[in-house]
Structures are given as C-alpha cells and as structure tokens.
Amino acid sequence: MPEAIGYERVGDIVILAADNPPVNALGHAVRQGLADGLDRAEAEGARGVLIYGTGRTFFAGADIREFGKPPKEPHLPELCNRIEASPLLVVSALHGTALGGGLEVALSTHYRIAVPQAKVGLPEVHLGILPGAGGTQRLPRVAGVEAALDMITTGRHVRADEALRLGVIDRVAEGEPREIGLSYLRELLDEGAPRRPVGEMPAPAPVDFDAVHAAVLKRGRGQLSPATAVRAVQAACEAESFAAGLKRERELFMELMNSDQREGLIHAFFADRAVGKLPELEGVAPRPLAAIGVIGGGTMGAGIATAALLSGLTVTMLEMTPEAAEAAKGRIEGNLSGAVKRGKLTSQQFDTLTTKALTLATDYAALSEADLVIEAVFEDMEVKKQVFTKLDAVCKPGAVLASNTSYLDINQIAAVTSRPQDVLGLHFFSPAHVMKLLEVVIADQTAPDVAATGFALGKRLGKVSVRAGVCDGFIGNRILSVYRTCADHMILDGASPYEIDEALEAFGFAMGPFAVADLAGLDIGWAVRKRKRAEGLDPRARDSAYADKLCEAGHFGQKTGKGYYDYAAGAKARVPNPEVMPLIEAERAAQGITPRAFGKDEIVRRYMAAMVNEAAKVVGEGIARRPLDVDVTLLYGYGFPRYRGGPLKWADMQGLPELLADIKRWAAEDAYFWQPAPLLEQLVAEGRSFDDLNKEAVS
C-alpha cells in the first residue's frame, strides 16, 4: 500500500506528493505524512518544498470518514502552523479543487501556483462550522476583508483566474501540477525570493463588522455558521496578534462544533450521500437512456424537457395541437435562454438543443422509439389512464413509461397497460429544470431495472433522487397535506396566515405555507380539495371553505396578482390581501369558533409535530424506506431549513418523548387529526431514535 504522502528529492528541492484517492482528503495519514516530510526535508538540508496532489485534485477537504470520531494528532491547525513556520521555502501547486482544509494548507505555504481549471474555496459553513485551521485569519490577509467575507460566508468555489486577481494564489500556469510547481519553486529559489508566511503579513483594515454580521444572519435565515464566521474574520483585523486571532477562530469553531445546527448540517451531508444507495438496486443495470419523450408542454413538462436537453438527451415534446407544441417550445427556449444569460450555455449550444435535440410532435407515433416517456399532463386519473393506454400501444418493448403525477396512484395507472413492470412515477418539482428533488415512485409491479433507470435518469439530470412507495401524495405531498392541514386548523382556531408564515420563516423556512401556496397557485390546492370532497370526507374532519372562496373570486396567488397576499407591487413586496381575514372570520363564525391567540413557539411546535408524526407514519408504512429519505425530500423539495437537518433529525434533537407527549395532549382535543404514529410510539418505548433506524438501514 503506497504512503499517503510520497517523498521525492530533486536536487535541493523536496517534493511531497499526496496519494490518498479519490480526493486526497486530509485524513490522519496525510497530515502525519506532511509533518514527517517537512521534518525530513529540513533535517536533510533541502532549500525548498513543493506540496501537490496526485490524481484528480489537490486536497479537497477533510476526510469524511473521520467525522464524529476523536481527532488524532497532528491536528490540521497545528499542521498548517508547522508548514508556515518552516525555514524552507514552501510552495503548493493546485489543481482540481483546494477546498476547506485543502485551501488552508495552501494558505499556510509561502507561495501558491495553480492550473487554470483549479478552484478554491472555504465551504465549511455548509457543514455548520467555519474554517478552523487559520482560514479566517490567513485569507483576509491575502485577499482583503471583503473578498474573504464573501468566500467564507457563502462557501462558494472560486476559479483560478479570480483567485489570482484576489491574491489567493500567486500564479496560474498550464501544465501538470508537479511540473509547474517545481518550475515555480526553482525560479523563486534562483531569484532568492524570501519566505512569505501569511501569518506575518499585516492585519487587514476592519470594516463595519456589526452591520455585516446582521446582514449575513438575515441572509442565512437564522443559520449561525456564516454569521459566526464574520466574527472570526473580525478577529483577523482586531486581535492583538496573529496567534490571538487563531485562538479566537478556534473558540468560535468549537462553539459551532457543539451546536445543533452543525449536527443538522452534518446529518444532511451524509443523508445526501446515502439517499440514492438502495440495497435492492445494487448490481442492477438501468435500461439504455438516449431519447426520451415528454407529454405535455406546460410549465412542468417544459421544465422536464429543459433538464433533459441540458443533460445531453434528445427530447420529443408531444402536445395536442401544433399551436400548443410551439408554445411548449417557446417555454423551453425561455428556460434555455436563462442558461445562456448565466453563461452555462453558449448561443451555438442553444441553437443545437432547440433545433436538433428537440422535436415537436402531435402524434403519439412519434414516441415509438423513445427509451423513456414522461407524462406531464393534467392531474386527473382518467386523463392519465388515456395517455398510458395510448403509450402502451405505440412505445417499443422495454421502453420505460413514467408519470409525473404529484398524488395519484401509480398502480392504477400501470394497470391500464399490458406492461405494468415498465411503469413508475417520476415526480419532478417545479420548475423542473431548477428544483433538485425527484421522487422515484416504485409501483407494485415496477421491475428492478426500471427503478434503476429512474435513478439513473435522476443522476443524469443532476437531481437528488428519493425512492417512494405508492400512496396519496407519496412522501413529500402526503406529509405536506398533513402539516398544511395543521396550519389550516390553527387559522380556524385564531391564528392568521400571516402570523403562521412569519413564525415559520423565523424558524428557517424560505417561505411560509401560505406564501408557498400563492407561489404554486391556489387552484392546485382547490383541485385537491374538490377531489377529496368528491371521494367523501370523514365526518370528523375539520373542513373550511374560505380558501375556496378566494379561488372562486379568481385569486390564485402570484399568477393572478392576489391570493393570501396582494402582489400589486411585485412578488417580493407581498402585503396581506385585505379580502382574506374577513373570509376567515366569517368561516369561524359559521362554525361557532371563538378564536384564541397563538404565539410563535406554539405555531412552530404544532406545525412541526404534525410534520414529524405523519413522516413517522410514512416510514412505518414503508412508503419511505428510511427516515433520511423523508429528511432529504423535505430539504430539497419543500424549503425545510438545511441547518435543522430535516424534520426527523429535528425531532431527534428535540427529544422524541417530549414530542410524543405533545401529540397525545393535542389528540385529546382532536383525536381524528392527532393520531400518534405507531412507529413514533415504538421508538419512544424502546428509547431509540430515527437516527438509529438510519444507521441500521445503512449497515
């Protein structure tokens, strides 16, 4: 087994080459190898040291296998200080990515060179922490305070050309990292260039850190790590010495390490990586995917087609009339134009996608050679059955037939075909070319290679794919319907939509449920309510008609200019629609309800308890195989604050016994709505957590 750090002598230069595939993570062996390599180089009388990474990247960050384990010496902060203090001239040569601890190692060297394609960054805030090995102290000294604050609080990756302009690196050169690094170090030695420890550079001038802190905290919707990082950068400017600044950085780092937010973000990090790993699909090859069909060119269908085109697939867009097909093409072109404006697509690529990769059709026969067809028509079971009957007649054997339904029974849809094994649900979220979540809905007869094809498509489209079973609403919308009903109940009992939105946005949601409803369109919920009433509501259910009256008046939310809010001044300048509260007050009076006040804490507790309780039912019934599947679904599809980890991680951190006690107390008021989930009761009785279930599933 090769050493994690190779040692090579070239004249008076020592080369320390990282060999810790796949990303040269800064695990213990790498840290120890760098420290030992420096000791040996100094003992052997070398004049300079080059540090670089073999394989595809420089050090891409910490070793995730060490997360949650006691750290072993040498710790990264001490290693960085050791590198910087070396009496030799130390150069780092960067390629791939130098992220987190990788960039901190580079900043501890005296000079830095990179290939043009390299990227650097300090993304620790996304894990709920801050750069803890000198990054908040060294980066402001080379790049300035404003640039350092931007990089550290956003965690964004910076390309080599920008990093050069900012002073993060000293030179950009084409070539292999070893060769350009060796050449640069030789040049520096020949010129008699001095050591240049960043820690010995003057402290940068301070800015209004209180104002920056407040702005970053607001932008992060309550996430602590970016705002705390501001205070660490402040120490770089105001501490009495570099060593004092490092000490303050470490104190703030440890505060975050011990926070619930760090625990939530680490959970989200690992859940992202586990969600697509399904034991039943291990070794199952997906079916070929090159050409797909999309039926229905509305907002959703056009978004799906856009995502497919951007991934290199050819797309046949089927509409009912030539005019509708042209309108669909216009929506797709509008989506792709946005990619051109953002520099993600060239004009030539735009032309190729819209003229060669996209085909318009009005006849189902055009889908006869498609590898996979996604139906994205109106959310009506009879309409969807008609579509799948036609697809069954024209699609080639082995073609995957997928429905983009949000709620409807995939088993019923599959039953109208002669090939139910080829049918599954692919529930995209709108706008489909932007939203990351894809629910892959596996019906009773879906073949394993069809399920694998759904996940392969999701990966190709850059989605986070979650396996879901069949029920009304699958994972996300089933849970949504319950916590949204909880919000509706609070409105009947005395809360306003605006109080609820405000409380949940303070909790960390990007938007409250009523603002979200306005964005999605109130007609969607109206259609669901009418369908459920037609199917027959339980007489114990609490129903209300105030939202229907809004729709009957033509107020569907942002798209009509009014919903729960009035958007006359624009989508961002939402103000309460004055027509809403009189409708709610009339509803309360008609039902004989005396309204009471709701505090923010109670609003959040009830809303979250409803979410967790239904999520526990979804896991207990096997609709979601693991609690982490629920967490990922809510994180990527429903605006759940990432730093809280997901609803079931939040529940674990709150304490399941306390949460169950609240649910049982509320069940005494409304036994129909508040039915404790059997799985939640079982976990409490056994003293276990949702995270225990995740660990069992992964192992």
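In this predicted model, strand E2, helix H1 (residues 28-43) and strand E3 form a right-handed β-α-β unit. From E3 the chain continues through helix H2 (residues 76-85) to strand E4, and this β-α-β crossover is right-handed. E3 therefore takes part in both arrangements, and it is a useful place to begin.

Strands of a sheet pair through backbone hydrogen bonds, either parallel or antiparallel. E2 (residues 13-18) pairs with E3 in the parallel sense, over 6 bridges. Within this pairing, Ile15 has Leu50 of E3 as its bridge partner. E3 also pairs with E4 (residues 89-94), again in the parallel sense, over 5 bridges. Here Val49 is matched with Val90 of E4.

How many of the residues of strand E3 are buried? In E3 (residues 48-53), 6 of the 6 residues are buried, so the strand is largely enclosed by the rest of the structure. Both of its faces are covered. Gly48, Leu50 and Tyr52 are buried on one side, while Val49, Ile51 and Gly53 are buried on the other. Two of these residues have already appeared: Leu50 as the bridge partner of Ile15, and Val49 as the bridge partner of Val90.

A further group of strands forms an open sheet of 3 strands in the order E5-E7-E8, with mixed pairing. Strand E5 (97-99) and strand E8 (158-159) lie at the edges; each has a single partner strand, so one side of each is left without a neighbour in the sheet. E5 runs parallel to strand E7 (residues 119-121), and 3 bridges join the two. Leu99 stands opposite Gly121 in E7. Helix H3 (residues 101-108) packs on this sheet, where it touches E5 and E7, and the direction of H3 makes about 90 degrees with that of E5.

The packing of helices is the next topic. Two packed helices are described by the angle between their axes and the distance between the axes. H2, the helix on the path from E3 to E4, packs with H3 at an angle of about 25 degrees, and their axes are 8 Å apart. Because angles under 35 degrees count as roughly parallel, H2 is roughly parallel to H3. Their crossing is right-handed. On the H2 side the meeting residues are Leu76, Cys80, Ile83 and Glu84, and on the H3 side they are Gly101, Glu104, Val105, Leu107 and Ser108.

A second helix pair is found later in the chain. Helix H12 (residues 299-310) and helix H13 (residues 322-341) pack at an angle of about 55 degrees, with their axes 9 Å apart. This angle makes H12 oblique to H13. The crossing of H12 and H13 is right-handed. H12 contributes Thr299, Ala302, Gly303, Ala305, Thr306, Leu309 and Leu310 to the contact, and H13 contributes Ala328, Arg331, Ile332, Asn335 and Leu336.

The last stop is a single residue, Tyr567, located in the loop between strand E18 (565-566) and strand E19 (575-576). Is Tyr567 buried or exposed? Its relative accessible area is 8%; since buried means under 20%, Tyr567 is buried. Apart from neighbours within four places in sequence, Tyr567 is in contact with Ala515, Asp518, Gly557, Gln558, Gly561, Lys562 and Arg574. Tyr567 and Leu94 are 473 residues apart in sequence and, from C-alpha to C-alpha, 49 Å apart in space.

Terms used
Residues are numbered from 1 along each chain as its sequence is written. This is a predicted model: local features need pLDDT of at least 70, side-chain atom pairs count only at pLDDT 80 or more; totals for chains, interfaces and linings use all residues. Side-chain values use heavy atoms; hydrogens and water are left out. Buried means under 20% relative accessible area, exposed over 50%, partly exposed in between (1.4 Å probe, protein chains only). Helices (H or I, at least four residues) and strands (E, at least two) are DSSP runs, numbered from the N terminus. Two strands pair if DSSP finds at least two bridges between them. A crossover is right-handed if, with the strands pointing away from the viewer, the path from the first strand over the helix to the second runs clockwise. Axes are lines fitted to C-alpha atoms, for helices over the stretch in contact, and angles run from 0 to 180 degrees between N-to-C directions. Angles under 35 degrees count as roughly parallel, over 145 as roughly antiparallel, 65 to 115 as roughly perpendicular and the rest as oblique. A crossing is left-handed if the near helix is turned anticlockwise from the far one by less than a right angle, and right-handed if clockwise. Contact means heavy atoms within 4.5 Å.
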